[in-house]
Amino acid sequence: MTEPQETAHFSVRKPSKPDLWKDSLGRTAVRASQILLILTLTVVAIFGLLQIRLLVIPVLISLILAAAIGPFVNMLRRRGWRGGLATGVAFLGLLIVLGGVITVIVFSVRSQWDELISQAARGLDELENFLLTGPLPLEREQLNQAREAVVEFAQSSQVRSGAVTGLSVVTEFLAGASLVVIILFFFLKDGAKIWDFFLRPFKGVREAKLRRVGKRTMEVLGGYVRGTAIVALVDTVAIGAALLIMQVPLAIPLAIIVFIGAFIPLVGATVAGILAALVALVANGPIVALIVVIVVIAVNQLEGDLLQPIVMGKSLKLHALVILMALTAGTILAGIIGAVLAVPIAAVTWAIIQVWTAEDPNLEDMNPDLPPADSQPT
């Protein structure tokens with residue numbers, strides 16, 4: 001008998017199709033898609049927030065003010081004051097300070113306005129004579145044409161529409177100021193309970209990180225506002241004293257403008273100083289204006305080289321380029337108020353990133369004013 005012959009079976013392996021998403025180009029495409037998705041969500045979020053900026057901006061301003069004066073409220077509470085009474089005292093003190101500043105500005109402007117107008121008229125006459133007889137003499141007809149163009153523009157529809165826009169801006173400002181007052185009061189009174197309410201869905205490590213985020217946010221905002229206020233006070237005293245000594249009109253309002261401008265890093269105090277120099281140029285002549293410019297430059301150097309590293313070294317750990325980019329973005333998105341809020345928001349964002357990635361050098365226990373983890377609000 002013949003043995004059956006074994007037949008060999010050969011399987012033909014089909015060439016596998018290459019996975020387009022696993023090579024270098026595919027991985028790059030996936031990463032690019034993720035980045036585009038994140039950018040799209042960010043743009044949509046920013047656009048949505050801008051649509052309700054009348055609410056968002058007061059909330060941010062109230063949060064910053066609460067971080068600045070919150071330690072005072074907590075100190076009163078630790079001394080046995082009830083929460084409502086401590087909040088009311090701090091809140092009333094803040095309103096008195098703001099009301100006093102506004103009163104000083106109004107009365108200073110009213111008392112010196114006529115003098116400034118007359119000196120400005122003389123300064124403009126001197127400027128006109130300089131243009132007619134200076135190194136680049138102009139024709140009287142050219143000056144008259146320029147003056148007529150200014151008058152025509154002042155009477156144009158653009159200016160009238162701008163006045164209507166300005167009226168709406170004033171209305172929005174009053175509504176926003178009212179919201180700031182209300183929101184700030186509740187932040188000071190019930191800030192811990194509000195934050196605890198938002199943390200209810202989170203447990204464990206994520207809750208602990210979010211509590212650290214809340215603590216670091218208040219620390220950064222409070223330190224930024226208090227440090228900036230100290231620097232602004234030094235700028236105001238120095239520049240204001242120089243303006244008073246040289247008898248520049250509106251010295252006190254200009255000094256207050258310097259104080260407010262100092263809350264816009266890098267450029268705020270400088271722009272306010274330039275405004276003071278322009279007033280001195282119109283009212284007191286070029287020599288006094290040059291002295292004011294020298295004082296402003298000296299104060300800015302003192303601020304940048306000595307005050308800010310000492311006062312704000314622990315509150316604002318941002319590179320100057322980052323500050324400049326934040327100022328530019330904030331100004332584009334929300335104007336002057338955006339420039340004021342951009343830097344503290346950037347500082348808070350960097351602090352949150354450090355906490356979330358465990359790179360924050362100050363990862364200590366939570367703020368004792370906040371309730372412990374896994375606790376219910378009282």
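**Exercise 1.** What share of the contacts in the protein chain with a separation of 6 or more comes from residues 24 or more positions apart?

*Solution.* Begin with the term: a contact requires heavy atoms within 4.5 Å. In this predicted model, local features need pLDDT of at least 70 and side-chain atom pairs count only at pLDDT 80 or more, whereas totals for chains, interfaces and linings use all residues. Residues are numbered from 1 along each chain as its sequence is written, and side-chain values use heavy atoms, with hydrogens and water left out. For the protein chain, residues 24 or more positions apart supply 72% of the contacts with a separation of 6 or more.

**Exercise 2.** Determine how the rings of F185 and F186 are arranged, and place both residues in their surroundings.

*Solution.* The structure holds three aromatic pairs, where rings of Phe, Tyr and Trp (its six-membered ring) pair if their centres lie within 6.5 Å, and planes under 30 degrees apart count as stacked, over 60 as edge-to-face and the rest as tilted. The ring centres of F185 and F186 are 5.7 Å apart and the planes stand at 80°, so this pair is edge-to-face. Next, consider accessibility, for which buried means under 20% relative accessible area, exposed over 50% and partly exposed in between (1.4 Å probe, protein chains only). F185, at 27%, is partly exposed, and F186, at 44%, is also partly exposed. Finally, F91 joins F185 and F186 in one aromatic cluster.
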